[in-house]
Amino acid sequence: MVLAALAAALPSAALAHSADRGFVLLLPTGHYMIGGAIAVALSFVILVFAPAGPLATAWEKALPMARAPRRGRTAVSFAGFALFWLLVAAGFFGSGDPLSNPLPLVFWTPFWVGLTMIQGLLGDAWRWINPWYGPYRLVSRLTGPAAPLALPRWMSCWPAVALLFGFAWFELVYPAPDDPARLAVVLAVYWLVSFAGMLLFGYEAWADRVEFLSVFFGIVARLSILERDGDSGRIALRLPGGKLADAGWLPPAGTLFLLLALSTVSFDGLMRTFFWAGIAGYNPLEYPGRTAVIASSTLGLAAMFVALSAAFLAAVWIGGRMSGDRVGLAEAAGQLVWSIVPIALAYHFSHYLAAFLVDGQYALAAISDPLSTGLNLFGTAGFHVYAGILAGPNAAWVIWNLQAVAIVGGHMLAVLISHIIAYRIHSTPDRAAIGQIPLAVLMVLYTLFGLWLLASPTV
Amino acid sequence: MTGKRSKSSMLTQSGLSRRTLIKGAAAGAGLMMGPGFVRYAQAQSSEPIKIGFQAHRTGIGAAYGRWYERTTNAAAKMINDAGGINGRPLEIITEDDGTDPKRGAEVVEKFVNQHKVDVVYGTLFSHVVVGSAPTAGELKVPYYVVSEGYHVASGKMNRWCVQPGITDVRAQVTSVAPWIAGNLGKKVTMVYPDYAFGHDHRDFFTPAISAQGGEVIAQVPIPPTESSFTRYLPQIPSETEVLYHVMVGPAVLTFVKELGEFFGSSGPKMFGFIDSLEAVDIASPGLEFLDGTYFWEGMPRYAQADDSDAVKAYRAAVGINDNGASTEDTKDVATAAHMFGCWETLYVIKQAMEAAGYQGPQDRAKLIEATEAIEKFDAGAEHPQGDKVFNGKIHQCFGHQNISMVENQMLKVVHRTSIEDGMYEPAADYTTMPL
């Protein structure tokens, strides 16, 4: 009882998602919230009066750069495959301590946090490094390129939605997502099942519609600045979000996939707040442990998804009605939902920043001695983890500002992208402007929500 | 297995047995890698003594867990460098309990059945101790906790659960009362979070200050969800001589700031527990108001002028500088008031194993009896926090407490309580329970 109360006062570092919240509570976070909301609202107003044509043209600009290597994707994927199984083996045979074993550290930090940022900022690295493509190419060379089975059309990418929910549940609700051996089992099974699916139904079909990591990373990479032209193989430089503005429309399952992605990282923040402790019915100073809150967290994760999806679809629907244009809800939502990507990436950055800074160091130490046998492969074994980078008022100030800039910037980019998309959907600029108002209001509210999550007291 | 346990073991057994089938002791660090993977009972004389370290590596206890781990490793190294226990080296096997009671119980089970440890050790958070102790009792494995809670001494655990390396909160609260009444004042107002943690302080301190001729003139319980306190502060009576505060959680800094704004340069004397600001730099902006106020500390965070060689050696081995922060990373402030308990507990295990002639898991009951037979620990390299007495009946040690004043945003010890100041009437006797 006694010490159960204390941790919340501490700089929670390892695998926690918040910095030193006590110091953040002393910052004028309310001013940031008002300022952030005004900035997002103003950017909408300014865009309404800005000529849409030149803006869209600018965002369509592509600056050609080097030619992408045509070969090597299989080899790179094999390297990813080898790394994947080495890590899984470390999960089975290495230390049971999640801060010494490289599997949970590398998977949750450089991979899940880091690669998502790389995908969103730079480009689609996952296409190259994923651990299935190479082995699939090898096996399909023996068996022939044609897949024996086809996924039914009605299935769309709903399996990916279900798998993303399962993954988020594993990360946020399951009691021990960091346990090396359990994570190793989950990943090994997932790889095998996915590989079998790719062999049976074809790599592209499975990666586009079932394998949620490929779907997620593919969507996130639409925000990034590097674009690869499929035919010529040239790599071009785009403005952030440029590829989103001219993306096609997502089917309903894809729309909900994206909304789920934002919901999960939003709930990740929400479930740590005192506010949520009140809803779930526990004392925030006496957090009972994950196993005690499985039911409430599961419900909360689902409710967050339902609430965000309902709010988004309602905003799109009302916007359509207000504009007077007859655009189907699925079509409008399937295009405008692309504007969620920068928000999801901003949330991802903000919520994982603190954990990344500390757990990245643990990962660095762990890869040098993957089995805890005293090896020092890269000279980083026994590396002293500088947890103090999160401690104190200065760190809290820096981290809070980085988070606030990301959240506000992400929403401003979202407003811009939905603006460009809206002009494509609607018949006239006036109707496009009117039709966007509900979505812009939602984005202002979500900016407030995002900043509030990061400024609230947390367990 | 009792009905209560079967639920969580059913949950884990499929996972564990699966791994066990495939890989043997899957997560044992290097367990199957070397020639050391022989059956334990056959080669125990040369085998290391295995200490299962039930660590808060993730979850809300992680910041504490990091320092508990550093202290544990430092003590284990010290013991091994000096020849180990009964000539056998110590091996620390760390498992994460996620600061979660159910996982805590699973970890105890894993330590016993999979890692074949000799003892389980090191748990800090009380709810994890309370969740894990029944499993330790069922599996008959000595469970040495470092949790500071009153639950061990209360008699609510079992004979396998002992707390020989850190005093409990009841003793801590009781022991500071005489000094407060004699030096700060007799009219006390208590501000505390309104749940079990705060209630312990209220219930233990109120009679203790009465016994000194003092009086708690007002109690100001604060709902745990509060993050601003200005509307509670007017409840502090103006005749208050001492404000006793034990606020915890992320809003502690806000609490201090608002106290400063409320009282300005006047106001009562203040006494708090460093638990509120453990691992937080006292020299942080906003905490200036604390200058001239007093805190309980289990072991001083800041190096003191009269530190013994044992204290200096302990601080150097754990790796903390004069400000109580990591020598490698001066912003990483240690949980100094509590983590010494890990060091001292490992040395208690050593002392008890040597007294019991401990050979292997078959001697676990003898180890408990040998621990219960200990009556005192002398101050020194093994017990740098100071000498202690141990009550084998309630499995709890009693020791000195430090009262420190904040001076120039540093903590300076102004009084050290006697061991007797913290003594209370034992309410249990574990030694009558069967082993």
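Let me start with a hairpin in chain B: strand 14 and strand 15 form it, with two residues between them. In the turn sits B:Asn408, whose phi is positive, at about 50 degrees. Please bear in mind throughout that this is a predicted model.

The two strands of the hairpin pair in the antiparallel sense, over six bridges. To place one pair for you, B:Ser404 stands opposite B:Val413, the latter in strand 15 of chain B. Strand 14 of chain B is mostly covered, with five of its six residues buried.

On which strand does strand 14 of chain B have a further set of bridges? Four bridges join strand 14 to strand 10 of chain B, and these two also run antiparallel. Here B:Asn402, in strand 14 of chain B, faces B:Glu297.

Let me now widen the view to the sheet. Seven strands of chain B make up an open sheet, in the order 7-6-8-9-10-14-15, and the pairing is mixed. At the edges lie strand 7, residues 215-222, and strand 15, residues 410-416, each of which pairs on one side only. On average, neighbouring strands of this sheet are turned by 25 degrees against each other, direction ignored.

The mixed character can be followed on the structure. Strand 10 and strand 14 of chain B run antiparallel, whereas strand 6, residues 187-193, and strand 8, residues 242-245, run parallel and are joined by four bridges. Within that parallel pair, B:Val191 stands opposite B:His245 of strand 8 of chain B. As a general reminder for reading such strands, side chains in a regular strand alternate between the two faces of the sheet.

Two helices that pack on this sheet deserve attention. Helix 5 of chain B, residues 169-184, touches strand 8, strand 9, strand 10, strand 14 and strand 15 of chain B. The direction of helix 5 makes about 170 degrees with that of strand 9 of chain B. Helix 6 of chain B, residues 196-210, also packs on the sheet, and touches strand 6, strand 7, strand 8 and strand 9 of chain B. Its direction makes about 165 degrees with that of strand 6 of chain B.

Chain B holds another sheet. Three strands form it, in the order 11-12-13; this sheet is open and its pairing is antiparallel. Strand 11, residues 376-377, and strand 13, residues 396-399, are the edge strands, each pairing on one side only. Two bridges join strand 11 to strand 12, residues 388-391, of chain B. B:Phe377 has B:Lys388 in strand 12 of chain B as its bridge partner.

For chain B overall, there are ten helices and 15 strands. Of its 435 residues, 63% count as buried. Among contacts in chain B with a separation of 6 or more, 70% come from residues 24 or more positions apart.

One residue of chain B away from the sheets is B:Val107, in helix 3, residues 101-113. Is B:Val107 buried or exposed? B:Val107 counts as buried because its relative accessibility is 5%, and the threshold is under 20%. Beyond its neighbours within four places in sequence, B:Val107 is in contact with B:Gln54, B:Glu95, B:Asp96 and B:Asp97. Its C-alpha atom is separated by 38 Å from that of B:Val413, the residue I placed in strand 15 of chain B.

I turn finally to two residues of chain A. A:Gln403 belongs to helix 18 of chain A and is buried, with a relative accessible area of 5%. Which residues does A:Gln403 touch, not counting those up to four places away in sequence? They are A:Ser350, A:Leu353 and A:Leu454. With A:Ser350 there is also a polar contact: the side chain of A:Gln403 reaches the backbone oxygen of A:Ser350 at 2.9 Å. The C-alpha atoms of A:Gln403 and A:Ala354 are separated by 10.0 Å, although the two residues are 49 apart along the chain.

A:Asp369 lies in the loop between helix 17, residues 340-368, and helix 18, residues 392-425, of chain A. What is the nearest side chain of opposite charge to A:Asp369? It is B:Arg57, 12 Å away; A:Asp369 is buried yet has no salt bridge. The side chain of A:Asp369 does reach the backbone nitrogen of A:Leu375, at 3.1 Å. Leaving out residues up to four places away in sequence, A:Asp369 touches A:Gly374, A:Leu375 and A:Ala381.

Technical notes: Residues numbered from 1 in each chain as written. Chains lettered and ligands numbered in written order. Predicted model: local features only at pLDDT ≥ 70, side-chain atom pairs only at ≥ 80, totals over all residues. Heavy atoms only, no water. Buried < 20%, exposed > 50% of the residue type's maximum accessible area, 1.4 Å probe, protein only. Lys, Arg positive; Asp, Glu negative; His and termini not counted. Salt bridge = Lys/Arg side-chain N within 4 Å of Asp/Glu carboxyl O. Polar contact = N/O pair within 3.5 Å; in protein donor to acceptor, adjacent residues only side chain to side chain. Contact = heavy atoms within 4.5 Å. Pairing = 2+ DSSP bridges. Axes fitted to C-alpha atoms, helices over the stretch in contact; angles between N-to-C directions.
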